[in-house]
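Me: Could you walk me through this structure before I go back to the bench? I'd like to go topic by topic.

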Amino acid sequence: MKVIASTKTIAAALCLAALFGCQKGSTGAPSETKKEGPVVAEVNGSTITTGDFTRELKNLPEYLKSMADTPQGRKEMMDTMVIRELILQQAAKDGLDKSPEIDEKLADLKKRLIVEAFLKKKVETDAKVSDEDLKKFYEQNKDKFKTGDQMRASHILVKTEKEAKDILAQIKAGGKFEELAKKNSVDSSAAQGGDLGWFGKGSMVPVFEKAALGLKEGQVSDVVKSDFGYHIIKLTGKRAAGVRPFEEVKDQIKAAIMPSKQQEVFQKIKDELKKSAKINIKEDVLNTIGGAKGDGKPAAAPAAPAAPAAPGK
């Protein structure tokens, strides 16, 4: 199942993002960030608070944020933050936090962050796409938004059959599917109440697809076992083949045309900055960069072609 198949990969990416993220207040890494919220974990006297966790979550890529909304995702992210804290503490004991190399990289990182913040602010302000632009693109490219028969479903994914049966019993007793999904599902869709959105034939693993196709709209399945665990599936919609409505693909269109708009704004920023600046690039020095060993010395001139042999007499 394409949506669920990515869960393990996303979990790994979540751990990597947290491990190499920038946690404030870690031992050995001086910080002026004020600790906020209750303490979630203590690591050799150093604390990780809900504020630390929230900042960490804010810095994650968008596609990973929903993963951290699940109980399992939060647990994995917190475990990785603890491991990173332990690494920072050991690195501080080894004196790595005070090495010239780290200071140099921090100075370089600061420059990059300032440039990034400047461009982000300017681009977000100027790179705007109007609804008229989006609708124009939609009307001119309707063939790109054609789909076959589709269905929409939500699911609750758990690790054991017992858990699944207990949750199914709660649903049959009147429990709300969406709330139970948010509370119990280990899939990244839990944050959306288990909603998997619209999908066509072949998008999900066969056992899931077969179960979903056998449901009527609004109906909930029995427990369905797959390689990912145990599912409870709720069919929330069906629609025939056709062109997807504008409102449904609006965000998709915006994501498609935004990069070119941002590039246009970036080029404009570069042109404006250069226009009011005095710039002198020394080509002779520039051409010395990139020697055989990167030592700043001029690269050796290419060997002259061999002289032609004298004609025989």
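Reply: What follows is a walk through confidence, the sheet, the cores and the salt bridges.

Me: How far is the model to be trusted, and what is the mean pLDDT of the protein?

Reply: This is a predicted model, in which local features need pLDDT of at least 70 and side-chain atom pairs count only at pLDDT 80 or more, while totals for chains, interfaces and linings use all residues. Residues are numbered from 1 along each chain as its sequence is written, and side-chain values use heavy atoms, with hydrogens and water left out. The mean pLDDT (the predictor's confidence in each residue, from 0 to 100) is 83, and 81% of the residues reach 70 or more. Over residues 1–7 the pLDDT is below 50, and this stretch has 23 contacts in the model beyond near neighbours in sequence, a contact being heavy atoms within 4.5 Å.

Me: And how many contacts does the model have for residues 301–313, beyond four places in sequence?

Reply: Zero, and pLDDT stays under 50 over residues 301–313. Where pLDDT is low, the predicted coordinates should not be read in detail.

Me: OK, on to the sheet. In what order do the four strands of the open sheet come?

Reply: The order is S5-S4-S7-S6, with antiparallel pairing. Strand S5 (195–200) and strand S6 (224–226) are the edge strands, each pairing on one side only. From one strand to the next the twist averages 45°, where axes are lines fitted to C-alpha atoms, for helices over the stretch in contact, and angles run from 0 to 180 degrees between N-to-C directions. Strands (E, at least two residues) and helices (H or I, at least four) are DSSP runs numbered from the N terminus, and two strands pair if DSSP finds at least two bridges between them.

Me: Over how many bridges do S4 and S7 pair?

Reply: Strand S4 (residues 150–158) and strand S7 (residues 229–239) pair over nine bridges, in the antiparallel sense. Helix H9 (residues 177–184) packs on the sheet, where it touches S4 and S7, and its direction makes about 50° with that of S4.

Me: Glutamine 150 caught my eye; is it buried or exposed?

Reply: Glutamine 150 has a relative accessible area of 14%, so it is buried; buried means under 20% relative accessible area, exposed over 50%, and partly exposed in between, with a 1.4 Å probe and protein chains only. It lies in strand S4 and stands opposite arginine 239 in S7. Not counting residues up to four places away in sequence, glutamine 150 touches Trp198, Phe199, Gly200, Lys238 and Arg239.

Me: What about glycine 200, which strand is that in?

Reply: Glycine 200 lies in strand S5 and counts as buried at 15% relative accessibility. Its C-alpha atom is separated by 4.5 Å from that of glutamine 150, although the two are 50 residues apart along the chain. Besides Gln150, glycine 200 is in contact with Asp149 and Glu209, leaving aside neighbours within four places in sequence.

Me: Changing topic: how many residues are in the largest nonpolar core?

Reply: It has 13 residues, and Leu134, Tyr138 and Ile253 have the most contacts inside it; a nonpolar core is a set of buried Ala, Val, Leu, Ile, Met, Phe, Trp, Tyr and Cys residues joined through side-chain atoms within 4.5 Å. H7 and H11 each supply at least two residues of this core, and H11 gives the most, with seven. Apart from it lies another core, of 12 residues, among them Met204, Phe208, Ala212 and Leu215.

Me: Last one, the salt bridges: how many are there in the whole structure?

Reply: A search finds 14, counting a side-chain nitrogen of Lys or Arg within 4 Å of a carboxyl oxygen of Asp or Glu. One of them joins lysine 250 and aspartate 131, at 3.2 Å from N to O, and this pair links distant parts of the chain, with lysine 250 in helix H11 (residues 246–275) and aspartate 131 in helix H7 (residues 131–140), 119 residues apart. Lysine 250 is partly exposed at 21%, and aspartate 131 is partly exposed at 35%.

Me: Which residues are linked in a network of salt bridges?

Reply: Arg239, Arg244 and Glu248 are linked in such a network.
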